[in-house]
Amino acid sequence: MDTRKLRHILSLYKHGTFSKAAEEVHLSQPALTRSIQAAESELGIRLFDRNTREVRLTPHGKAVIERIKRLVSDEKELHRQIELAHTNQIGEIALGFGPTPATLLLRPILSKFAVEFPRVRVSIETSNAHNLLKMLLDEHIDAFIADVHQLPLIPEFEVDHLPRWPASFFCRNGHPLLEKREIEGADLFEYPVASVRLSDWALDTMLRAFGLQMPYEEMICTRCDDFSVLKQVMLESDSIVIASVPVLWAEIQDGQVNEIPLKNRFDGEVSFGLVRLTGRTVSPLIGVVRNMATEIFSQHRSNTVAWRR
């Protein structure tokens with residue numbers, strides 16, 4: 001039974017007369033009578049006793065009227081929820097972030113959602129690209145932002161590429177390596193090198209840039225996907241961290257951290273993208289995240305290029 005007939009039943013119950021109910025639902029009295037009769041026929045029970053003065057519920061009608069109220073109320077709520085979802089006022093979104101995107105995007109994105117979409121439920125996963133891809137394919141998250149160089153080329157997902165900027169090597173102020181007049185790429189690996197998980201492509205790019213040959217597993221001494229931990233390790237030891245200026249901007253500005261001035265500057269770039277399942281309708285909320293990430297990353301790229309000149 002369509003909910004239009006249910007609304008007619010409720011109106012007749014509310015007013016107790018066909019004339020007033022017909023006026024409320026914008027039907028003629030004969031049309032409302034036919035609608036009530038059709039509803040009773042579908043249900044197989046008589047809902048109302050009619051006389052010349054008023055209409056009253058039958059015992060069967062009294063038994064089902066509360067359920068009819070809930071059904072009509074649920075329909076109204078469904079339409080309200082759909083309307084709110086269209087305007088991004090409600091809903092839910094599950095997002096994943098790699099280490100660098102988590103450092104640069106989590107706070108502004110969560111703050112924006114808390115202010116502009118306070119009724120949207122947001123859940124966050126932070127991990128490396130491989131783990132995030134598995135979560136996406138298992139549909140535990142709706143999308144993620146990470147280093148797309150780490151991902152296999154498979155048709156199950158699509159990538160919206162984001163602005164990129166150079167990566168480099170950093171150390172604490174006062175590091176013994178900074179005392180050298182010329183710093184070669186090989187000098188970096190005389191000290192413990194720390195990094196988030198890097199793709200084989202990234203590691204191979206470094207080796208080729210420095211003209212070195214060494215196993216990938218010997219390049220990185222400390223692997224950790226939490227930049228807050230890597231920063232502390234760098235500040236408290238002679239470890240060298242592979243990162244980018246935006247991630248370490250506050251420490252660079254405070255004079256705690258230096259980009260290592262290599263004789264032949266390493267110009268490898270970080271390459272991030274928003275990854276989502278192929279063929280799925282993109283939620284407007286994902287669009288909000290993508291637009292924010294593009295804007296924030298564009299600014300980081302501009303700042304990094306200007307700072308390195």
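## A walk through the chain, starting at S14

Start by selecting strand S14, which is mostly covered: 6 of its 6 residues are buried. Keep in mind as you go that this is a predicted model. Colour the two faces of S14 separately: Phe272, Leu274 and Arg276 are buried on one side, and Gly273, Val275 and Leu277 are buried on the other. That split fits the usual pattern, since in a regular strand the side chains alternate between the two faces of the sheet.

Which strands pair with S14? Add S5 first: 4 bridges join S5 to S14, and the two run antiparallel. Within that pairing, look for aspartate 147, whose bridge partner in S14 is phenylalanine 272. Now add strand S6, residues 157–161, which pairs with S14 in the antiparallel sense over 5 bridges. Here glutamate 158 is the one to click, standing opposite arginine 276 in S14.

Phe272 also takes you to the next stop. Select threonine 100, which has Phe272 among its contacts once neighbours within four places in sequence are left aside; the others are Trp165, Phe227 and Val247. Threonine 100 belongs to helix H5, residues 99–116. Is threonine 100 buried or exposed? Its relative accessibility is 8%, and anything under 20% counts as buried, so threonine 100 is buried.

Next, show the largest pocket, with about 250 Å³ of space in it. It has 13 lining residues, and the closest to its centre are Asp142, Ala143, Arg280, Thr281 and Ile286, so pick those five out as sticks. S14 turns up again here: strand S14 (272–277) and strand S3 (91–97) are the elements that give two or more residues to the lining. What is the make-up of that lining? Colour by residue class and you should find 6 nonpolar, 2 polar and 5 charged.

Now move over to the open sheet of 5 strands, in the order S10-S9-S11-S8-S12, with mixed pairing. Strand S10 (222–223) and strand S12 (257–259) are at the edges; each has a single partner strand, so one side of each has no neighbour in the sheet. Zoom in on the S10 end, where strand S9 (residues 193–195) pairs with S10 in the parallel sense over 2 bridges. Click alanine 194 there and you'll find threonine 222 of S10 standing opposite.

Two loop residues are worth a backbone check. Histidine 26 sits in the loop between helix H2 (18–25) and helix H3 (29–43). Its phi is near 60°, a positive value in a residue other than glycine. Histidine 26 is also exposed, with a relative accessible area of 72%. The other residue to select is glutamate 139, in the loop between helix H6 (129–137) and strand S5 (143–147). Phi of glutamate 139 is near 60° too, again a positive value in a residue other than glycine.

Finally, zoom out to the whole chain, with its 12 helices and 14 strands. How big is the box that the C-alpha atoms fill? Taken along the principal axes, it comes to roughly 105 × 40 × 30 Å. The radius of gyration is 32 Å, where a compact globule of 309 residues would have one near 19 Å. Colour by accessibility and 45% of the 309 residues count as buried. If you draw the contacts with a separation of 6 or more, 72% of them come from residues 24 or more positions apart.

Notes:
Residues are numbered from 1 along each chain as its sequence is written. This is a predicted model: local features need pLDDT of at least 70, side-chain atom pairs count only at pLDDT 80 or more; totals for chains, interfaces and linings use all residues. Side-chain values use heavy atoms; hydrogens and water are left out. Buried means under 20% relative accessible area, exposed over 50%, partly exposed in between (1.4 Å probe, protein chains only). Contact means heavy atoms within 4.5 Å. Two strands pair if DSSP finds at least two bridges between them. On a 1 Å grid over the protein atoms alone, a cavity is a set of points where a 1.4 Å probe fits but cannot get out, and a pocket is an open set with protein on both sides within 12 Å along at least five of seven lines; lining residues have an atom within 4 Å of a point. Grid points are joined across faces, edges and corners, and a volume is the space filled by probe spheres set on the points. Ala, Val, Leu, Ile, Met, Phe, Trp, Tyr, Cys and Pro count as nonpolar, Asp, Glu, Lys and Arg as charged, and the others, Gly among them, as polar. The radius of gyration is taken over C-alpha atoms; the globule rule is 2.2 Å times the number of residues to the power 0.38.
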